[in-house]
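Q: Could you take a close look at one part of this model for me? I'd like to hear about the nonpolar core and what sits around it.

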Amino acid sequence: MSQSHIMPGFRPTLSITLVYLVLIVLIPLSAMVLKTLQLSLEEFWTILVHKRVLASFWLSFSAAALAASIATLLGSIIAWCLVRYSFPGKQLCDALIDLPFALPTAVAGIVMATIYEPKGWIGEWVMAAMGVQIAYKPLGIVFALIFIGLPFVIRTIEPVLQEFDSAMEEAAASLGANRWQAFVKVILPNIFPAALTGFALAFARGIGEYGSVIFIAGNMPYISEIVPLLIITKLEQYDYAGATAIGLIMLVLSFVLLLIINSLQWWLRKRNGQL
Amino acid sequence: MGINLHNISKQFGQFIALDAINLAIPEGELVALLGPSGCGKTTLLRIIAGLEHADQGEVFLKGENVTHQSIKNRQIGFVFQHYALFRHMTVFDNIAFGLRVKPKKLRPTPAQLREKVHSLLQLVQLDWLHDRFPDQLSGGQRQRIALARALAVEPSVLLLDEPFGALDASVRKDLRLWLRHLHHELNVTSIFVTHDQEEAMEVASQIVVLNHGKIEQKGTPSEIYDHPQTDFVSRFIGQTNVFSLQDNESNWLDATGITFEGAKGIVAHVRPHHIMVEKRDDAAHTDIFLKDWQHLGATIRLELNRQLPNGKASTIYAEMPSEKFRELALTKGDRVALHITHAHWFN
């Protein structure tokens, strides 16, 4: 740390980093912990193991994980298509991908609910063809979260694919590998760390997503009620300690999961000699 | 016959990359595809490999028509210009790749595989690097690993795309000789692409000179250098002075003692070492003077300035052994007379 750098910049950038982290991240989060501490351990535990709370936690995390997985799969394919091939309208497709970033999520939620509801354009057709209802069910949450998560995945994988040396693919083919072997043994290991990052981003975003989900979920307690909604409900009932308790647990769980994903990524890179 | 090409043509849009190429390469040769950039040499190599489709024509490897076979069934080894090593695998895994993707029945046992990979690593003298990743190797080491990886599948033909293009000059020199020796040892029919005529002369047993998608000449390095068949080959291989009879040079050329015997054309190409230089103090007899000279090792290159009748000046390059140069005791600005001993004539 005391080692001086020839190019200046270490001190000011570190100062800004620390000030930012304290002001924007650490202080608000500590406030949340402090508020939670008003509860006794017993009260805390009672709030947590309430069936409605457990159900919403299960729903939030499983829906986010499922949506992030699907978004990773779809996003990889879309990124591949956009990087590898040129076709008319490619620029337009490229611009459309970022739309979920800019759109107010509530708007997205309302639009999706309208289309996927049992009498909506697509919802009606799916209902008739497969007997499956999308909107106002947990499935609707997954749909909304895929929409929200997709751009994170695509924009993370795209640069890695662009950088991927396609001579490696040709080399694999020249050594007798078929298309599947080349994909599994050469392409996948090279894009997997980026796909994992994309998954982590989509997953994290999915856990916290509120605006789009509440319009399409139906918000039935025990069935389609997500954790952020539960927190809002508690706040509306002036149960601030209860809301922060749930928030705190959500924070810890998300942190642990992201930590696991990041270590997995570190381990992968180390194994592939990139560290 | 090792490799046979019949009438290979390839077009990219309006650009004709290859124009009806016919080429036969005997088994066991080490052939250089030589030409300037954009002449189609890499395209031709990629068509032989199956990395590119020819618009027209057929490719035969060891007598078998492989035109419609995919690269993975052609039994070729391909070495890429920028190595294309698998970055996420160790050196060992890179070389083992070709053995591991074989169909189950043909796949070697783990013990056989280990033995094969280590013997290849010994062949390229890099066994001590087996657990490194490609990013941890130098350019020369990477290229040798890429070669070992290509040889692991025991290819019937080895194709190398500008194999030394991305390397330092000194490493390149070592690797050239090493490749030549390796080829003597393995005797696998090999083609490498290069734009460096010196490299082609030094490494190859046969050179194919390409220009604008056509074969200009094919032959041993000595044939190509001593008997260039076209104007392009003469200019591209080694250095050449060009004199045209049309520019009223015939009197002057006559005076240099050049022989017009067997002259097939009106343009004389003269190699620098076919020009003998004599010192002349008498200004009336010559209009050539020494402008500059460079020490190239055993030889000295003279840059001579010749005053043309129309008032312009042209530069003539001559080469001589350095002892001869010392004997002549020439200094810059000295007047000289030339004697041309040999010329190639073109239209």
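A: Let's start with the largest nonpolar core, keeping in mind that this is a predicted model. The core counts 83 residues, and A32(B), L33(B), I95(B) and L159(B) are the ones touching the most other members. The biggest giver to this core is helix 4 of chain B, residues 139-151, which puts in 6 residues. As a bit of background, nonpolar side chains tend to be buried together in soluble globular proteins.

Now zoom in on L33(B). If you skip residues up to four places away in sequence, L33(B) still touches K41(B), L44(B) and L45(B), along with I191(B), V193(B), V208(B) and L210(B). Apart from this core there's another one, made of 49 residues, including I146(A), V153(A), V227(A) and I246(A).

So much for the cores; next, the place where the chains touch. Chain B brings 20 residues to the contact and chain A brings 17. On the chain B side, strand 6 (76-79) and helix 2 (91-100) each supply at least two residues. Sorted by class, that side of chain B has 12 nonpolar, 5 charged and 3 polar residues.

For a contrast with the cores, check out helix 1 of chain A, residues 10-36. Just 1 of its 27 residues is buried, so this helix lies largely in the open. From first C-alpha to last, helix 1 of chain A reaches 37 Å, close to the 39 Å expected at 1.5 Å a residue. Look for V22(A) along the way: helix 1 of chain A bends there by about 40°.

Methods:
Residues are numbered from 1 along each chain as its sequence is written. Chains are lettered from A and ligands numbered from 1 in the order in which they are written. This is a predicted model: local features need pLDDT of at least 70, side-chain atom pairs count only at pLDDT 80 or more; totals for chains, interfaces and linings use all residues. Helices (H or I, at least four residues) and strands (E, at least two) are DSSP runs, numbered from the N terminus. The expected span of a helix is 1.5 Å times one less than its number of residues. The bend at a residue is the angle between axes fitted to the seven residues ending there and the seven starting there. A residue is buried if 20 or more other C-beta atoms lie within 10 Å of its own, exposed if 12 or fewer, and partly exposed in between; C-beta atoms are placed from the backbone. Two residues are in contact if their C-beta atoms, placed from the backbone, lie within 7 Å. Ala, Val, Leu, Ile, Met, Phe, Trp, Tyr, Cys and Pro count as nonpolar, Asp, Glu, Lys and Arg as charged, and the others, Gly among them, as polar. A nonpolar core is a set of buried Ala, Val, Leu, Ile, Met, Phe, Trp, Tyr and Cys residues joined through C-beta atoms within 7 Å.
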